[in-house]
Amino acid sequence: MAPPMSAGRFLTLLRNEGVRVVEVGDWEHHNRNHKGPWGPVHGVMIHHTVTSGSERTVRICRDGYSGLPGPLCHGVITKDGRVHLVGYGRANHAGRGDDEVLRAVIAEKALPPDNEANTDGNRHFYGFECENLGDGKDPWPEPQLDAIERVSAAVCRHHGWTERSVIGHLEWQPGKIDPRGFTMASMRNRIRARLK
């Protein structure tokens, strides 16, 4: 049972990990906590946005859109490797996913196939949206991949988690494909190396 860290601690840890942070508005208090609890937290979830243009992407992830209010994550990782903090607390990013996957994340074991959507993921995961069209062609620049690695490692280091606590949305919720363009196995290898 891991309570979420404070917003201030989150910011400090990201900076200590070498992340280039951009604070967007009153991100520390922008959340969906009125819709349910945030925590205990068990992992980090990585997404792609299906958008282009950093300014537009950050705005959408902060404010949401019709039918899905923001924030849509905690941090937006733009192509230049900056991490824009847009919310802190419960965020509309994970949706409902597979309880067996959650149990595997908690136990830090190999993930089973995600074949159900019966568990509230917004409660249990830190979420990072990454600026990418998600078409398998839009490139993932190294500064962006490096930032994904660093934010994930920072959160894992704080909670005493291994790289197995970092998953992609496609590993959580049936029908999701994000992030598309790199494998979560390769990203977990990078995170594992950074945590050594």
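This is a short tour of four backbone spots to select in your viewer.

Before you click, note that you have a predicted model, where local features need pLDDT of at least 70, side-chain atom pairs count only at pLDDT 80 or more, and totals for chains, interfaces and linings use all residues. Residues are numbered from 1 along each chain as its sequence is written, and side-chain values use heavy atoms, with hydrogens and water left out.

**Cis peptide bonds**

Start by selecting G39 and P40: the peptide bond joining them is cis, with omega at about 0°. Zoom out a little and you'll find P40 in the loop between β1 (20-23) and β2 (43-48). (Those labels are DSSP runs numbered from the N terminus: helices are H or I of at least four residues, strands are E of at least two.)

Now jump to G70 and P71. A cis peptide bond links this pair, and omega is about 0°. P71 sits in the loop between β4 (68-69) and β5 (75-77).

**Positive phi**

Next, pick V50. Its phi is positive, about 60°, although V50 is not a glycine. You'll see V50 in the loop between β2 and α2 (54-63). Is V50 buried or exposed? Switch on the surface: V50 is exposed, with a relative accessible area of 54%. (Buried means under 20% relative accessible area, exposed over 50%, partly exposed in between, using a 1.4 Å probe and protein chains only.)

Last stop: E108. Phi here is near 55°, a positive value in a residue other than glycine. E108 is in the loop between α3 (99-107) and β8 (119-120). On the surface, E108 is partly exposed, at 23% relative accessible area.
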